[in-house]
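Colleague: I am new to reading structures. Can we go through one together, feature by feature?

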Amino acid sequence: KKKKKMMLRIKRVPTVVSNYQKEEGEEQVSRGGCGRNCLNKCCIQGAKLPLYAFKRVNKLVNETPLPGHEIREPPVAFLDSLLLGEWEDRMQRGLFRYDVTACETKVIPGEYGFVAQLNEGRHLKKRPTEFRVDKVLQPFDGSKFNFTKVGQEEVLFQFEPSEDEEVQFFPNAPIDVENSPSVVAINVSPIEYGHVLLIPRVLECFPQRIDRESFLLALYMAAEAANPYFRLGYNSLGAFATINHLHFQAYYLAMTFPVEKAPTKKITTLDGGVKISELLNYPVKGLVFEGGNTLEDLSNTVSDACICLQDNNIPYNVLISDSGKRIFVFPQCYAEKQALGEVSAELLFTQVNPAVWEISGHMVLKRKKDYEEASEENAWRLLAEVSLSEERFQEVTALIIEVIATGNTANAPEDVADGMEATPLSDEDADAVGQGCHPSLVIGKQECLVLH
């Protein structure tokens, strides 16, 4: 494929729906199987998709090639020619719910430079949450929307380790149904240019929970992009993930995120060389992981921290920054505060559910009023509601470090949630919280989220 020059603006195109977005009962084009040319077993047999095979080695995070062992030029430029080039192609084909490139965006004046975007289309057309918001780990439910239901035209390419230790690209590779490929697909409700989803082993139908293998795959994707403006993000259930099918998000934004500017204080350096720090002077308390003797050392440390959080039912968000060399982990409690009626009506009425991108400083606003009145003070006020208290954050941090040090991500202490022990939300109340309703619609019985 001819290499394209990376473009940050593309022309506006008419928006149409892709196959799976059509409502049930609408006429579908007959293609065999279910008629939607989806990724499920009804349509997947014999299908072919591009395959990018990355070099899977236990490389040093800051490795410099030895003389005579220089890195070869890959057969296709991963970020600009493949990922962004194919994303633009899907934009031209009208597979998105709206044109994100037409959304107004501005940098908010202030020390951190929060980025505000007015995205009314996402609010109106984004798929609603279909599961409880008070449990981080929930079983996969095939009756709910999942990524096996997307049209094959929305998949940009398969992303798999190379078998011969060299980067390879196959424009038309068969899908190995038995081994379940990992794929990169467009996000049909995009936040920014090049917004895609990395779906590890898509046909395995894993629920939204991090494990070592899938997190390492995400770091390899960040490393292949080799661009500090291309970040990956992860939202757990209870921290505003909207689909319970394992996936990471990623997009390209050519500016520094506010959280990337925040100062940090070192907590410890592990035997494998991974440094753990805590964020300072930022509205959301979080941990920063960087360094490590190898990429796998860094990946295992972060994934173990995430496993610790999800095993203790603590919602969290993850930002993979600096081409996979710097990773932020944010335990959060916004949904819990919603359930307890502790979030002001003013913030709730913005209908902003602060997930990884908002926490990182890219504020996706749904009302023109909020966009016009956007200020660093307002952004700070919203994000401060996401953060754990100082006491609780220190307890969670101590738990994470203990689990990482002992290598035991199970049977962790059950006193992390400040002793909260209450009846879980009803299905109706949990749905209300997920939709960002006013607390009067949720509270009254003083129910709270069980975070043990």
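Modeller: Start with a definition. A salt bridge is a side-chain nitrogen of Lys or Arg within 4 Å of a carboxyl oxygen of Asp or Glu. Keep in mind that this is a predicted model.

Colleague: What is the closest N and O distance between Glu390 and Lys285?

Modeller: The general idea comes first. Side chains of opposite charge can pair when their charged atoms come close. Here, Glu390 and Lys285 form a salt bridge, with their closest N and O atoms 3.1 Å apart. Glu390 lies in helix H12, while Lys285 lies in the loop between S11 and S12, so the pair ties together parts 105 residues apart in sequence.

Colleague: Are Glu390 and Lys285 buried or exposed?

Modeller: Neither word fits. Buried means under 20% relative accessible area, and exposed means over 50%. Glu390 has 40% relative accessibility, so it counts as partly exposed. Lys285, at 24%, also counts as partly exposed.

Colleague: How many salt bridges does the structure hold?

Modeller: It holds 18. Another of them links Glu260 with Arg231, where the closest N and O atoms are 2.8 Å apart. Glu260 sits in helix H5 (residues 258–261) and Arg231 in strand S8, so this pair ties together parts 29 residues apart in sequence. Glu260 counts as buried, at 16% relative accessibility. Arg231 is buried too, with a relative accessible area of 1%.

Colleague: Which residues do shared partners join into one network?

Modeller: First, one more pair: Lys369 bridges to Glu373, with closest N and O atoms 3.4 Å apart. Now your network. It consists of Glu86, Asp89, Arg90 and Arg93, joined by salt bridges that share partners.

Colleague: Now the sheet. How many strands does it have, and in what order?

Modeller: Strands of a sheet pair through backbone hydrogen bonds, either parallel or antiparallel. This open sheet has 12 strands, with mixed pairing. Read the order as S5-S1-S4-S6-S7-S9-S8-S13-S14-S12-S11-S10. Strands S5 (168–174) and S10 (264–269) stand at the edges, each with a single partner strand, so one side of each has no neighbour in the sheet. From one strand to the next, the twist averages 25°.

Colleague: How do S6 and S7 run?

Modeller: They run antiparallel, and four bridges join S6 (residues 183–186) to S7 (residues 196–199). Val183 stands opposite Ile199 in S7.

Colleague: Which strands does helix H12 touch?

Modeller: Helix H12 (residues 390–406) packs on the sheet and touches S10, S11, S12 and S14. Its direction makes about 35° with that of S12. Helix H2 (residues 78–92) lies across several strands, including S1 and S4, and runs at about 150° to S4.

Conventions: Residues are numbered from 1 along each chain as its sequence is written. This is a predicted model: local features need pLDDT of at least 70, side-chain atom pairs count only at pLDDT 80 or more; totals for chains, interfaces and linings use all residues. Side-chain values use heavy atoms; hydrogens and water are left out. Two strands pair if DSSP finds at least two bridges between them. Helices (H or I, at least four residues) and strands (E, at least two) are DSSP runs, numbered from the N terminus. Axes are lines fitted to C-alpha atoms, for helices over the stretch in contact, and angles run from 0 to 180 degrees between N-to-C directions. Contact means heavy atoms within 4.5 Å. Buried means under 20% relative accessible area, exposed over 50%, partly exposed in between (1.4 Å probe, protein chains only).
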